[in-house]
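How should the strands, the salt bridges and the burial of side chains be read in a model such as this one? The dialogue below takes these topics in turn.

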Amino acid sequence: MHLRAARPLGPADAGAGTVVLLSRPRGYFGLPRDVVLIDGQEPKDVKAGVPTDSTTTLRLPAAEAGRAVAAQFNEERIVARAWPASENRIAIAELTY
């Protein structure tokens, strides 16, 4: 577990009850080449074609705070807890490879 400062909540996060990031610091997500799922769905903010995105964001309503959010990149799977954005918290599911 890494405990370090992350990006602050921004204007795009306004109104979100929880913010969960899926991060791949050692590479990029390449759609449709790779399987990329967050909470069981392909992220809408990862562009298809030439891989350029290493992070995707999932925003959920406040009622979803506290629940587990599964994230998958190809064969690697990780689960994060959705923290309340009202407490200035962001959950980051960081992949190692």
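The exchange that follows moves from confidence to sheets, then to salt bridges and to a single residue.

Q: What is the mean pLDDT of the protein chain, and where is confidence lowest and highest?

A: Where pLDDT is low, predicted coordinates should not be read in detail. This is a predicted model, and the mean pLDDT of the protein chain is 91, with 93% of its residues at 70 or more. Confidence is lowest in strand 6 (residues 91-94), where the mean is 92, and highest in strand 2 (residues 36-38), where it is 97.

Q: What is the strand order in the open sheet with mixed pairing, and which strands stand at its edges?

A: The open sheet of three strands with mixed pairing has the order 3-1-6. Strand 3 (55-60) and strand 6 stand at the edges; each has a single partner strand, so one side of each is left without a neighbour in the sheet. On average, neighbouring strands of this sheet are turned by 20 degrees against each other, direction ignored.

Q: In which sense does strand 1 pair with strand 6, and in which sense with strand 3?

A: Strand 1 (residues 18-23) pairs with strand 6 in the parallel sense, over four bridges. With strand 3, strand 1 pairs in the antiparallel sense over six bridges. Ser23 of strand 1 can be followed to both partners: Ser23 stands opposite Glu94 in strand 6, and the bridge partner of Ser23 in strand 3 is Thr55.

Q: Are the residues of strand 1 buried or exposed, and which way do they point?

A: In a regular strand the side chains alternate between the two faces of the sheet. In strand 1, Thr18, Val20 and Leu22 point one way, while Val19, Leu21 and Ser23 point the other way, and all are buried. Six of the six residues of strand 1 are buried, so this strand is largely enclosed by the rest of the structure.

Q: What is the strand order in the open sheet with antiparallel pairing, and which are its edge strands?

A: Here three strands form an open sheet in the order 2-4-5, with antiparallel pairing. Strand 2 and strand 5 (76-81) are the edge strands, and each pairs on one side only. The average turn between neighbouring strands of this sheet is 15 degrees, direction ignored. Strand 2 and strand 4 (residues 68-73) run antiparallel and are joined by three bridges. In strand 4, Ala71 is the bridge partner of Ile38.

Q: How many salt bridges does the model contain, and which parts does the pair of Arg59 and Asp13 tie together?

A: The count is six salt bridges. One of them joins Arg59 to Asp13, with the closest N and O atoms 2.7 Å apart. Since Arg59 lies in strand 3 and Asp13 in the segment before strand 1, the pair ties together parts that are 46 residues apart in sequence. Arg59 is partly exposed, at 37% relative accessibility, whereas Asp13 is buried, at 6%.

Q: What is the salt-bridge partner of Lys47, and which residues are joined into one network?

A: Lys47 forms a salt bridge with Asp53, and the closest N and O atoms are 3.1 Å apart. Lys47 has a relative accessible area of 49% and is partly exposed; Asp53, at 12% relative accessibility, counts as buried. Asp39, Glu64 and Arg67 are joined into one network by salt bridges that share partners.

Q: Where is Asp34 placed, and with which residues is Asp34 in contact?

A: Asp34 is in the loop between strand 1 and strand 2. Relative accessible area under 20% defines a buried residue, and Asp34, at 9%, is therefore buried. Leaving aside neighbours within four places in sequence, Asp34 is in contact with Tyr28, Phe29, Phe73 and Asn74.

Q: What does the side chain of Asp34 make with that of Arg33, and is Arg33 buried or exposed?

A: The two side chains make a polar contact at 2.8 Å. Arg33 and Asp34 also form a salt bridge, in which the closest N and O atoms are 2.8 Å apart. Arg33 is exposed, with a relative accessible area of 57%, whereas Asp34 counts as buried.

Notes: Residues are numbered from 1 along each chain as its sequence is written. This is a predicted model: local features need pLDDT of at least 70, side-chain atom pairs count only at pLDDT 80 or more; totals for chains, interfaces and linings use all residues. Side-chain values use heavy atoms; hydrogens and water are left out. pLDDT is the predictor's confidence in each residue, from 0 to 100. Helices (H or I, at least four residues) and strands (E, at least two) are DSSP runs, numbered from the N terminus. Two strands pair if DSSP finds at least two bridges between them. Axes are lines fitted to C-alpha atoms, for helices over the stretch in contact, and angles run from 0 to 180 degrees between N-to-C directions. A salt bridge is a side-chain nitrogen of Lys or Arg within 4 Å of a carboxyl oxygen of Asp or Glu. Buried means under 20% relative accessible area, exposed over 50%, partly exposed in between (1.4 Å probe, protein chains only). A polar contact is a pair of N or O atoms within 3.5 Å; within protein, one must be able to donate a hydrogen and the other to accept it, and residues adjacent in sequence count only if both atoms are side-chain atoms. Contact means heavy atoms within 4.5 Å.
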